[in-house]
Amino acid sequence: MSATHPSNLGTSLQIPDTARGLSESEVLQKRAQGLGNPAPPPTSRTYAQIFRENIFTFINGVIFFLGVALLLVGRPVDALLSVGIISLNILVSVVQEIRAKRTLDKIALLTRPKATVIRDGAPSQVVPEELVVGDVLYVAPGDQIVLDGAVVQGKMTVDESQLTGESNSISKQNGAQVYSGSFCVTGSAFYVAEKVGGDSLANQITAGAKQFRRVLTPLQQEVVLVIRIMLLIVVYLEILIVLNAALKALNLGDTVQQSTLIAGLVPNGLFLSISIAYALGAVRIIRFGVLVQQANAIESLSNVNVLCLDKTGTLTTNRLQVNALHPLAISESELAHVLGDMVANATTQNKTSQALAEKYRGEKRVVVGEIPFSSARKWSAIAFHDGRDEKRGTRNEPLAFRISHHAGTFALGAPEMLQPYLVDAENVNENRDKSPRPRESSRERGDLSPTWREIMTRTQALAEQGLRVLLVAYHSSTELQDKGDDSRLPQDMTPLGLVSIRDELRPEAREALDNFINAGVNPKIISGDNPETVAALAKQAGLKNAKLVSGVDLEKMDDAQFAHAARERTIFGRITPQQKEKLVRALRAEGHYVAMIGDGVNDVLSLKQANLGIAMQSGTQATRAVADLVLMDDSFASLAPAVTEGQRIVNGMQDILKLFLTRIVTMAMVIMSALVIGEFPLALRQGSLVTLFSVGIPTVLLAIWARPGAVGRGTLAQRLFHFILTPVVVTTLFSLFLFYGTLVGELLMRAGFNPNLSAEIIQPHYPVALVTAQSTLVAFLVFVGLLTVIFVEPPTKWWVAGDELSGDWKPTLLAVGLMVMFFVIVFVKPLRNLFALAELGAPELLSAIVLAALWLLLVRWLWRRRVFENYLGIKDLHIYAYH
């Protein structure tokens, strides 16, 4: 007996007695025993993780500690200025990553599967976490299998490509195992849940991918190196400050203020600039359908030199297209008629039959036998009865007549797998009817018939074009029994013709791969499919001279051989998820910067191992959760603007690094020199003003105005050294001359130009003279800092000295605007007091302006003559053309 219950699928569901499911009491009992399916893990990082990873860093801790110290000694404004920049950096990073998290959570909610469970003989739809071991579930075409289990009733074909990478559908009947993450393609079945939670195959595959990872790009690594070096310098200077305070009995407030100013030499603003550049890149790139989950992902893409691609669903649309028919024994129209009827009457479908059905329309026939496709034997067969009196027979009818009436057995499969069943006679129209029996094929005997030679020739020619080739064969017998992988066909079948089929590439795939290849990126296609199938697709995608290797061969290799294969081969077939992960690790160990694009559960481990993980939006939730970039439209075309944005970020950050390092090294040299002589050259708020005008505001806008394009000549270290060395030396010398010259001049002037300056005479005037000297130095440092901004983005050839020609006038106009703003601060008392500046007279301002003009001419001349590089004997830094 069976029960009929309404289903929310809009039809009535016939439930057999073997699939009536658990009762509600049994469900409660199993859940109490711990056999319930747990709730899914978070689709992305939690809010707590995002805040924790962005706030609790070593540098943030140092700055916050000094800010609290300033607050405790009664300097709230100084504390606010020291903590403000790092707080803005945290805010930008947190906002960007929360935005990506919310987008992913929405996608996960929309794509979350539901299951049809049978309980007490009635169907209902529930979310997966309401299921328990022993539940009976029903799946129909398009439904996702949400738990591992075994079929108890029905017959279906299942797409397991998300787990295995193989594109062929798998037939499932009573007793067959099914796995969560796969989908029902055709047919329908009831299955009983056997494994939940971490015991499922999908969770076992992704077991190594649970922890969040943060991969630093080369640019970030260089920034971190700079910051660590500066930390060492800062620690050294802090020790000097403490010793100086102890010897001179300085008050605690001044000591903390000086310590905070020195701590400000740690370029935490670099992180702010990087965060802004990454956030702007993410905003720009979302228009092209790319969601940035890791802030550094776009910049990371510009460093990639190896691109690993999964085939199914990534390089292809996961669909097939019929290319052409190649008749042998019948006409093309007759061959099309045969194929149309074969797929129209088949009870199970796969992607090949779906492609044929779209191309050729068939009619319903009397089916007397069928063997579904099996990936092991690589063929399927169907037997038709023509409806006439069996006693009349069909053996003596002409072949064309028998074909037109569809009497007999028709097989479709790989030519080499059907060859043992083919007739050896040269005249294929003479279809001998011999009893089916195993025999040695003509190919095994080395005696190839002219027909088979023609089939081989055509097959090879089509395969070289990147096409799959299938053979259609016929026998008048209708005796056909489905014995699974042990099924056999009648002997002496007649080859009717070939059909060539191509994988449907994503429309943008070929162009995108060409762009990567032209950019020096080496693509590698890694798939669970047969290597020859993958190679055929690679040819369609434009990859030439592809070298193949299979997972079976890789399994036999030692580590050295495996690494060599990973480096030299471009097509990898029959690859397991663990081998994918190992391949990515091997490539990274060779020094490559690896990006991995995938969409299935079988790609999760390799995405985690890659420098950059890219997922398709249509892929699994697990894949999207671990990826750095998500292609929202599943479009490769989105990667081209992403590369452009990566170049923009790198170019902008190089300019920002030049400004930061020039300012930091100069300030460090000035402070160390001044401490040796005996006076601290800047107050905390004065130092904050110099930082704001020379790097704070300019670097934010340079990040916004950065231009895409190839990176300049030479390495980053060479370009930085060439730019930084000259202005640091000149600025340090000019700063010391100006500071102490102004200090002495002020003391002389206020003492009435008395040459016999004693401590008694100096003491009353010293604090005012010191602030005036410090303020004059601030003016000079602001002027040369803004001139450096123009040098870093030269608008005309006259300015080309430390960097290549930009032609962009925006940074120059910015520098002019900031100079005007600085003069406003100097002349407006409340603003002047905010930054602890003295009122500067014409002599002080004029001396700062004149010295800045001399600095401009001298630095330009030294840069162009490469004076310091020649002095140091460095010959390979001539990286910019000055004429």
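**Exercise 1.** Which residue in β14 does Val366 stand opposite?

*Solution.* We're working with a predicted model here. Start with the strands: β13 pairs with β14 (residues 379-385) in the antiparallel sense, over 5 bridges. Now go to Val366, and across from Val366 in β14 you'll find His385.

**Exercise 2.** Work out which strands stand at the edges of the open sheet, and why one side of each lacks a neighbour.

*Solution.* First, write down the order of the 6 strands: β12-β17-β16-β15-β14-β13, with antiparallel pairing. Next, look at the ends: β12 (316-327) and β13 (366-371) each have a single partner strand, so one side of each is left without a neighbour in the sheet. To finish the picture, add the twist, which averages 20° from one strand to the next.

**Exercise 3.** Find which strands helix α13 touches, then do that for helix α19.

*Solution.* Take α13 (residues 351-359): this helix packs on the sheet and touches β12, β15 (408-413), β16 (468-475) and β17 (494-505). Its direction makes about 60° with that of β12. Then move on to α19 (residues 531-540), which also packs on the sheet, touching β12, β16 and β17. For α19, the angle of about 60° is with the direction of β17.

**Exercise 4.** Track down the helix that gives the most to the largest nonpolar core.

*Solution.* The core in question has 115 residues, and Phe780 and Trp855 are among those with the most contacts inside it. Helix α29 (residues 766-792) gives the most, with 17 residues. Now check Trp855: beyond its neighbours within four places in sequence, its contacts include Phe780, Val784 and Leu787. Lastly, don't miss the second, separate core of 24 residues, with Met342 and Leu470 among them.

Conventions:
Residues numbered from 1 in each chain as written. Predicted model: local features only at pLDDT ≥ 70, side-chain atom pairs only at ≥ 80, totals over all residues. Heavy atoms only, no water. Pairing = 2+ DSSP bridges. Helix = DSSP H or I, 4+ residues; strand = E, 2+ residues; numbered from the N terminus. Axes fitted to C-alpha atoms, helices over the stretch in contact; angles between N-to-C directions. Contact = heavy atoms within 4.5 Å. Core = buried A, V, L, I, M, F, W, Y, C linked by side-chain atoms within 4.5 Å. Buried < 20%, exposed > 50% of the residue type's maximum accessible area, 1.4 Å probe, protein only.
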